[in-house]
Amino acid sequence: MDGIHDMGGMHGFGPVPVAEETVFVHAWQRRSFALAEVLAWSVPYAADTHRHAIERLAPVDYLGRDYFEKWAMASQTLVAEAGMADAQELASGQKSFDIKRADHPAVNADTLLAATRAGAEMLYDPGEITPRFVVGQMVRVIPHGHSGHTRAPQYLRGRLGRIIENTGYFHFADTIASGQGACPEFCYTVAFEASELWGVEAEGADLMHADLWEPYLDAV
């Protein structure tokens, strides 16, 4: 979806601060991360679902909140939308009654750590399906987005690029976020000339590479 989170190519926000690489500055940030991971098992939701919940934050919250505060707010949204807690319960931090969910396994620190280290299998066997595009082919990114989650940023919409690699057949983030399931699609690395993206302000002959799913691309 188009929103304040899609800031590529935007101006007026000042320099990007680069600090010492510390993941968690405060203890509550660590808890926010852990809760988002644990709740994904019991609500349940996927990473793309959680990202879309962050994208739906009001612009004032997206720009003004801490990174892990936005994680916590997105988790609350998904818990509420799943009917597992209402606004009063989220505000008080207390459940008005107990919910037992026998259809999902219990999660503790050990199982969460093991799952995080193992990662998720995202690559599928395409079987008889053949890719629409080949390496070296020129393509254009679709000019319009949609109301759901998408990995096609605004600054690439309608831009011309060249396929430099077919990276494989992966689950499609858009359908995962909308609850439609994996619906795997081929994904390509596309090279864009800087002048195609930034016009006369581009620096030299620089290239920008982006990994884009097949539905985002049209043949030229």
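**Exercise 1.** In this predicted model, determine which residue forms a salt bridge with R65 and how far apart the closest N and O atoms are.

*Solution.* Step 1. The criterion is a side-chain nitrogen of Lys or Arg within 4 Å of a carboxyl oxygen of Asp or Glu. Step 2. R65 meets this criterion with E69, the closest N and O atoms being 2.6 Å apart. Step 3. For the surroundings of the pair, R65 is partly exposed at 35% relative accessibility, and E69 is partly exposed as well, with a relative accessible area of 26%.

**Exercise 2.** Identify the network into which salt bridges that share partners join residues, and trace its links.

*Solution.* Step 1. The network consists of D48, R51 and R151; the count of salt bridges in the model comes to 5. Step 2. One link is R51 to D48, with 3.1 Å between the closest N and O atoms. These two residues stand 3 residues apart in helix α2, which means a separation of about one helical turn. Step 3. A further link is D48 to R151, where the closest N and O atoms are 2.5 Å apart. Because D48 belongs to helix α2 and R151 to the loop between β1 (138–141) and β2 (160–170), this pair ties together parts that are 103 residues apart in sequence. Step 4. Accessibility completes the description: D48 is buried at 5%, whereas R51 is partly exposed at 40% and R151 is partly exposed at 31%.

**Exercise 3.** Establish how many residues of helix α2 (residues 47–55) are buried, and what covers them.

*Solution.* Step 1. A residue counts as buried under 20% relative accessible area. Step 2. In α2, 7 of 9 residues are buried, and the helix is mostly covered. Step 3. The buried residues are D48, T49, H50, H52, A53, I54 and E55. Step 4. Their cover includes α1, α3 (59–64), α4 (67–81) and α7 (173–178).

**Exercise 4.** Analyse the environment of E214, and state what its side chain reaches.

*Solution.* Step 1. E214 is located in the loop between β4 (207–213) and β5 (217–219). Step 2. E214 is buried and has no salt bridge; R132, the nearest side chain of opposite charge, is 4.8 Å away. Step 3. The side chain of E214 does, however, reach the backbone nitrogen of R132 at 2.9 Å. Step 4. Leaving out residues up to four places away in sequence, E214 touches P131, R132, F133, E185, F186 and Y188.

**Exercise 5.** Describe the nonpolar surface patch that contains F13.

*Solution.* Step 1. F13 lies in the segment before α1 (27–42) and is partly exposed, at 44% relative accessible area. Step 2. Together with M10 and L63, F13 forms a patch with about 280 Å² of accessible area.

Technical notes
Residues numbered from 1 in each chain as written. Predicted model: local features only at pLDDT ≥ 70, side-chain atom pairs only at ≥ 80, totals over all residues. Heavy atoms only, no water. Patch = residues over 30% accessible without salt bridge, like charges linked within 9 Å, V, L, I, M, F, W, Y side chains within 5 Å. Areas by Shrake-Rupley, 256 points an atom, 1.4 Å probe, with all protein chains shown as cover. Helix = DSSP H or I, 4+ residues; strand = E, 2+ residues; numbered from the N terminus. Buried < 20%, exposed > 50% of the residue type's maximum accessible area, 1.4 Å probe, protein only. Lys, Arg positive; Asp, Glu negative; His and termini not counted. Polar contact = N/O pair within 3.5 Å; in protein donor to acceptor, adjacent residues only side chain to side chain. Contact = heavy atoms within 4.5 Å.
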